[in-house]
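Open the structure in your viewer and keep the selection tool at hand. This tour goes from one stop to the next and says what to look for at each.

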Amino acid sequence: MADAVPPSGTGPLAKREARLAWGLLAPTITAVALVVILPLLAIFWISVKPVKLADLRAPEVVLREDLRGGPEVAGDEATIRYRLRNSSQDQPILAVSFSDVIPIGLVVQSVDERCTLDGRNLTCAFGDWEPGYRETLTFPVLVEQSYLDSGQSPQDSEATIEGRSSNVLTNDSFTLENFARIFNGEEFFEVLWVTLFYTVFGTIGALLVGLFAALLLNKSFRGQGILRGLYLFPYVAPVIAVAFAWLILFDPFSGSANALLIQMGVTQQAINFFGDRPLALIMVTVFEIWRYFPLSFLFILARMQSIDTDMYEAADMDGASPFQQFWYLSVPQLLGILSVLFLLRFIWTFNKFDDIFLLTGGNAGTRTLTVNVYEQAFAISNIGAGAAVAVVIFGCLLVFSLFFLKFISREEGL
Amino acid sequence: MIRRGNVTGPVLGALWMIVLSVTVAVAMSFATGQAFRPSIALSIVWGAIAGGALVTVGRGRSVRLGILAALVIGGALGFGPVLVGPETSLASRLFGSAMLAVSFASSLPSILEEVKPGILNRHEFEGAVIRFLTGFGYIFFTAIVMIPFYVMVMTSLKNQSELIQNPLDFSIDLSKGAELFRSYDELFTQFNFGTYLFNSFFISVLTVFITLAFAIPGAYAVARLRFTGRAAFSRSILLIYMVPMIVLALPIYIAFSMTGLRNSFWGIVMIYPVTTIPVALYMLQGYFRGLPSEVEEAGLMDGLSRLAVIWKITLPLSLPALASVSLYVFMIAWNEFLLAFMLLDDPSKFTLTRGIASLNSSEIPRQHLMAGSVVATVPIMALFLGLEKFMTKGLTAGSVKG
Amino acid sequence: EELRFWTTEEQPERLARQEEMAAAFAESTGHTVQVIPVSENDLGTRATAAFAAGDLPDVIYHTLQYAAPWAEAGILDSDAATDVIEELGADTFAPGALNMAAMDGGYVSVPVDGWTQMIVYRADLFEAAGLEPPNTYANVLAAVDALHNPPEMYGFVAATKIDENFMSQVLEHIFLANGVSPVGPDGVIPLDEAATIEVLEFYKAIAEASPPGDLYWDQSRSLYFSGNAAMIIWSPFILDELAGLRDSAPPTINDDPTSTDLAAATGIVTNFAGPSNPDGAAWGDVRYFGITSDASTDAAMEFVAYSMNEGYGATLAIAPEGKFPVRRGTAENPTEFADLWATLDVGVDRRAPLGDLYDAAMIEEIVAGLDVAQRWGVDEGQLSAASAIINSQVINRLVREYIDGERDAAATVAALNDAIAAVE
Amino acid sequence: MSSIELKAVEKWFGNIQVIKGVDLAIEEGEFVIFVGPSGCGKSTLLRMIAGLEETSRGQIMIGDRDATAEPPSKRGLAMVFQSYALYPHMSVRDNVGFPLKSAGMTKDVIDAKVGEAARVLKLESYLDRRPKDLSGGQRQRVAIGRSIVRDPTAFLFDEPLSNLDAALRVEMRYEIAKLHQTLKSTMIYVTHDQVEAMTLADRIVVLEFGKIAQVGSPRELYERPANLFVAQFIGSPRMNVMPAGGAPKAEPPPVAQSLGIRPEHIELVEAGQGHIDGTVDVLEYLGADTFIIMACGNAGQVTVRVSGDTDWRPGMSAGLRFDARHLHFFDKDGLAVSASG
Amino acid sequence: MSSIELKAVEKWFGNIQVIKGVDLAIEEGEFVIFVGPSGCGKSTLLRMIAGLEETSRGQIMIGDRDATAEPPSKRGLAMVFQSYALYPHMSVRDNVGFPLKSAGMTKDVIDAKVGEAARVLKLESYLDRRPKDLSGGQRQRVAIGRSIVRDPTAFLFDEPLSNLDAALRVEMRYEIAKLHQTLKSTMIYVTHDQVEAMTLADRIVVLEFGKIAQVGSPRELYERPANLFVAQFIGSPRMNVMPAGGAPKAEPPPVAQSLGIRPEHIELVEAGQGHIDGTVDVLEYLGADTFIIMACGNAGQVTVRVSGDTDWRPGMSAGLRFDARHLHFFDKDGLAVSASG
Ligand SMILES: Nc1ncnc2c1ncn2[C@@H]1O[C@H](COP(=O)(O)OP(=O)(O)OP(=O)(O)O)[C@@H](O)[C@H]1O
Ligand SMILES: Nc1ncnc2c1ncn2[C@@H]1O[C@H](COP(=O)(O)OP(=O)(O)OP(=O)(O)O)[C@@H](O)[C@H]1O
Ligand SMILES: [Mg+2]
Ligand SMILES: [Mg+2]
């Protein structure tokens, strides 16, 4: 071989294929970029900005205009009143001015010194306004008949307002206070601990319970399909429906679970399952296990059914007992899917929000990182802090994902 | 030691009796609201005796009938494994002990099938243990899956005061007739659930179509076409699939607030598919990869362009997968709660899940809340049971996500 | 124009009445009104969110705690509210209610109705046990000692669900009763340690006499109605169902859901005193119509004016038992609305005027409460600081942690002071 | 005692009868091969002997005891599967040692026995590999190794070579023959490959639709097929079969309906000189031999074997002379009738 | 013009070169078969001709035009896949008619052509079935039908028969031969089955690791293999190869390193009478023939073909006499050297 080196570049067929591929992917890439990548970038941006929910609305000059004095006949005196304020309590507005047209038939008697009247055009300039600044302007006017005839009122002519203000979202003020705030004190570590507890035990529990269910259903019998469907119910039903069902079932006053436990003599006093530390955390974890064991069950079952039955027949011939078969054959065979499932579920449980939010709202020691995002951003209206928590979550996920990708490239399937 | 028939038998008998007596007690309590209570000590005694008898005397008909009769009589006289309260009616007392007796006497002999008095070999012993665990497993799973749904449905049919008086009493007073469904009636007449149902349905279906429109070409490209960056792309699908919704929800909320898309139908319809496209991409590309490429190559040889091959060959062949994906996406959209909760304020635009959330927060009786939950659950369940095969496939294909 | 009106009165029957009123308004003015129920717990977040998004409704029916913060945040258009009040005549309003909404020489919102919080107790049991009415800490604790016998009878049903406004209200009431306030004339001040410890200990005592769980108004009412609670704290909204007028919340003390027996056996207290404040205090809440800064102002003002004038009867009739008129009458007839109110039927499934159901003395006690009713920060002119503290729910959380035994009383006071100071 | 006897065994899957009453006695040390077309029930029969399938009716005797109701683990047989059925997560050493480990033997004993098996099967250098790192032939050897460590009563093989490529198949076939010579155990072997059956078996059992069509040594089956099915099934290319009337010069006995003759027993002569005439249709040159497919009118297509470097070309006509000693006649039920009968 | 010419084509998958410079000219109407061991690049080469794989270097000429950059749909070739690649969602009729429909022909034309193809391939009665309701042979016929309706420039077959069972394979092989006789189109056929290659091909291309080892007619390859690889690859059982020194009596030319002789060219004679001596190791009785595997000391194992009813038994010793006309000699690179050289 004279030239045993691969040719460089791509051939015409490959080029055509690549062009088509990018064409097909373009809409998806755009959509994903718009709704995933962009928001992720935004999160990072916001996390270093001092943004409160209300800051999403840029400060503006609010102007109200009315005619006071209730003139009834020509020649009555009245006043036109302009009330203006800076809508923001913490942002100034620079170079405020407005202009308006005075209706026909109102003769302005005197003009504030900051204003000029040119014919019927009124222009006022105020300079810079402090946050929360208010201003009331009154102009005495003399009413003429033409005004009364026209049926116009001063508010009918829309005043045009000018003023510069900066939007926290886009200006150049940055702060690390959001992070300082969330990392502050034991609270953060409690949240982290709760998250880890919930994630680790929720994941492992769901895997084990799922494994048990899969073992149970890994034989064909009549009604197997129905049972399988039934066992998937917890996952398929809307989370809000099952979460409320659990709340009602475990209600300390009128919940059947407590009634049952009391009746059976397990406990004397009703137990507040979702309200007491640390029981609430255990309960939300149990809920997680309950709701997601179907998934592990489904995956493990699928894997089990793809295991060559020949292998078990060979083991039968080799004289292995059922437990030996389970321990020496099934478990090692399932190890792959179990670890993939563990990692994936770990990440998903880590990401879980709805369940805890609906069950306890993050109270009674169940506040996880995701609930904390909501808590900070919406309950406390501190969007910046919420974003900071989100950044922390994202950081954790990045670590998990790297780990996961490294791992998954070794495991086949999935 | 444990692997001796005369030990294994009583031990398994006792354990099985505990399982059954708890089951019967719970079932009877839930069905009648009367006091039933399993006695662990009595269960052990009864179970051990029965297990011992089955192993030593044999599994003949007479032994089974003996156990059955003893259990019924013992239960009726009040020293059976399930104890009853003083006000428990005779009928339910008899029914309970008969239920326990029949289930126990018919199942224990088969659990102990291979157990004989002497030393057991591994196979016989493990066989018995496995049969015991299997029985326990079926009861356990059926119970944990059914009870919340049972409570949901029954609560929706009973009013507040009935429930507070006896939270265990789920018996239904059929004489109330249509009045039983009062909460459903009110949901639809006073709480707008008709609109919510329609909104949810409409949004979910639209989401399915939009998702497919984006995911099919994308998934095909990733699965079949060779281009640089393909591997990276197919990995990033998985990565994107792992970004938590709450993290995205925050900027989306901000952006929607500032653009006026919040609290609008179209905002929701825009955002839902994006949450489902990665899932759909992931599932579809897996399926496309599994399709025999030769069929497509045959199409190419027969003179079709790539796009024509996708349209005329790949898609018709993928119908089952498309059905699975659609169902799965439908389910996600139907069950979606977080975005609906954050983005929708206006009751006329609520989806079902949002509607249920609004039932929670007021002085609205909980039977309405549960009725709402039932309304949201039933369609997805019906769809699920009807199309179980597709659903299961869809779930297995892509739903590590939860 | 098309107005949007957010209301926290979201029970279907109350909603229906508001829609009726809106229809009447539409008939007389041509402006249609869409009545949108918003649950009270969500109101704060929802309003802030809507403000940020620029799609605030035109009018919001809200509680006192939001008045000042919203005005400051720019959600409410105080000029519009001031105009409406001036148009209706400021002197036709109860001055107390109006003062609570006063700011910068105007009014942030238009007061609509009010009520006072009550300690509802089983007068029959108190009498049988020879107990004093529960109008002081000491009396309550004595009654708890005598009557607490769970699970048949709980001495009290305290509020312990920290994300419910109800808990804030109850706690504020108990704090006020002992004269403790987190705000002074110049803003936030530290709590008085001794008096606060009394409050905490008292609250812990009644919480221990309560059933377990996250308690709020729902459990209080259920337990009282089923005869399992000796005392609860509730608003006057309970008065109709207590008398068996509402099927969805019937008294279950006996088999007859329409029974008035429980009502007859019930006594109430509005003014409550702690050891450090022998005069005691009542806790009142006033509700307002706020006109928002995104509103179609003129139509919104018309709607509010209508609801406070021609439609005021209908407004009060939504739930007369909990809506005492704060506008007593018009300039021509200063008692017009007070008189009208007295004749309104309460109840849902069955209806009757309050006078038919309860003693005149008891009604008098309830109504009189509104005049002496207090809130943190009202007297000091620091309503908005106080509201911010309440809305942050830090007091709820810390008190709950104290009840749960996470720290002792003194440490809790310190923690409270820190947390309160941290709410800017 | 490692003789195996099947007494009127039947197998039903639901309502479908797959094994229709099979009687067969297998001597100790015999190498018996089941052949038959796909779906005829070979694997099922083998699995019934193994205990992996329930026997619906009849008895299976292993040695002197009735093993019909015994689970596989009790029968003391070893089986080698077509898919090898190795445990993919275990090393070769663990795979081979697994039956011993299940039986609870000590590590020393296991190591000794595994070492011995590995020596016999030349697996020593692979003992620490996983199955996926082995070639097909090596895997098959591991599977065999796993079965021999236990000193089983008998070996069962279910198409053990069919996943291997042609060259390897020849090699492994040779090794299995050697193994049988060494161990002298009873072996039952399922295949659909004629060459394997002919070359390995002491006795071949030809199955047709769940029934035994013929049992006998390879030579018996080839030379004296009991019926048309066996005649056509054994031998490649298969025996030419024509209506007995199509070749009148062959003098069929009166009951014969059809006549069979193998391609190597026909000689091409001048047209008219043979039993029948035909024209060359297709030549299949295979190097050593050429098969000539002749169109012979009534007698249909007849395949004739000639040497590789033949001069026949398509279109030529010729006479076919049948070797009278190798003519087979079959009656209307397909049963063989002797030429003299 | 349906000739096809490959000019120095290469194929790289990343850094791995799979086709290493192949030059080949295929005449119009020729039946060319690619054979070679698994993985040698047969399918890849075929797919490059089809346009399903890019050609990394070199040129592919179809007729007179350079088709290297054309997509498959433009090349006008038809391909039959090993897996048949039928469209499972279409009836047989639609499957066969699909290429015509894609080409935009009218319904009448399509019906006529499909009918014609169905007649040729005896598919008339299955036209309305779905592929899944057909047997393997029928499916293969549909796949062929789909390729013939278009009157393609050339047909490409990738192991079309390897999913069929032995009997069907023989039958379909016969039909493909007939088809070539009828259509007289250019056909390129990939197989790893020697019998197919030998019986069907006008010319066989033997590939070894992506390079052409030899091109020639079946007889050429069998009788005059150009190298050791081809010598051993073609013929079954394969040619015996022994060191040239192992059989000194055969008088190898001086450069020869090894000597090859096919089993049918050895005669068994008394010990000492042949070129070398050996003892019978294993007998493989196959009915018509018996292959005797002899252990021959230095020369290793030598397979000898004798007639079926032989009397040789294992352990007997004999002399092997080689037919001098059929001796093959190879030099140290495995290239054939003539006996006289
Ligand atoms: N579990 C089963 N349920 C129903 N029918 C079955 C089952 N297993 C096998 N069969 C049927 O029994 C018949 C015999 O199957 P078996 O596998 O024994 O055939 P075989 O001779 O081994 O064929 P092959 O050569 O293809 O392996 C077949 O028709 C098959 O369809
Ligand atoms: N897409 C690909 N990427 C990398 N290597 C490939 C690819 N396709 C084929 N190969 C490699 O190219 C070589 C030739 O493959 P090809 O399929 O052409 O062999 P073949 O001769 O057809 O074998 P077989 O008889 O098994 O079909 C093999 O080593 C194979 O592993
Ligand atoms: Mg088989
Ligand atoms: Mg190939």
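The tour visits one helix and then one interface, and the model is a predicted one.

**Stop 1: a helix in chain C**

Select residues 78-88 of chain C, which form helix α4. Is this helix mostly covered or mostly open? It is mostly covered, with nine of its 11 residues buried. Colour the buried ones: C:Ser78, C:Asp79, C:Ala80, C:Ala81, C:Thr82, C:Asp83, C:Val84, C:Ile85 and C:Leu88.

Now go to the start of α4(C) and show the side chain of C:Asp77. One of its oxygens comes to within 3.2 Å of the backbone nitrogen of C:Asp79. Then move to the other side of the helix: just after α4(C), select C:Gly89, where phi is positive, at about 100°.

**Stop 2: where chain B meets chain A**

Hide chain C and show chains A and B. Here 103 residues of chain B are in contact with 103 residues of chain A. The size of an interface is often given as the accessible area lost when the parts come together. Between chain B and chain A the buried area is about 9,000 Å², and carbon and sulfur atoms give 80% of it.

How many salt bridges cross this interface? There are two. To see one of them, select B:Arg366 and A:Asp251, whose side chains meet at 3.5 Å, N to O.

Next, select residues 122-157 of chain B, helix α5. This helix supplies 21 residues, the largest share of the side of chain B that touches chain A. Coloured by class, that side shows 75 nonpolar, 18 polar and 10 charged residues.

Notes. Residues are numbered from 1 along each chain as its sequence is written. Chains are lettered from A and ligands numbered from 1 in the order in which they are written. This is a predicted model: local features need pLDDT of at least 70, side-chain atom pairs count only at pLDDT 80 or more; totals for chains, interfaces and linings use all residues. Side-chain values use heavy atoms; hydrogens and water are left out. Buried means under 20% relative accessible area, exposed over 50%, partly exposed in between (1.4 Å probe, protein chains only). Helices (H or I, at least four residues) and strands (E, at least two) are DSSP runs, numbered from the N terminus. A polar contact is a pair of N or O atoms within 3.5 Å; within protein, one must be able to donate a hydrogen and the other to accept it, and residues adjacent in sequence count only if both atoms are side-chain atoms. Contact means heavy atoms within 4.5 Å. Buried area is the accessible area (1.4 Å probe) that two parts lose on being put together, summed over both. A salt bridge is a side-chain nitrogen of Lys or Arg within 4 Å of a carboxyl oxygen of Asp or Glu. Ala, Val, Leu, Ile, Met, Phe, Trp, Tyr, Cys and Pro count as nonpolar, Asp, Glu, Lys and Arg as charged, and the others, Gly among them, as polar.
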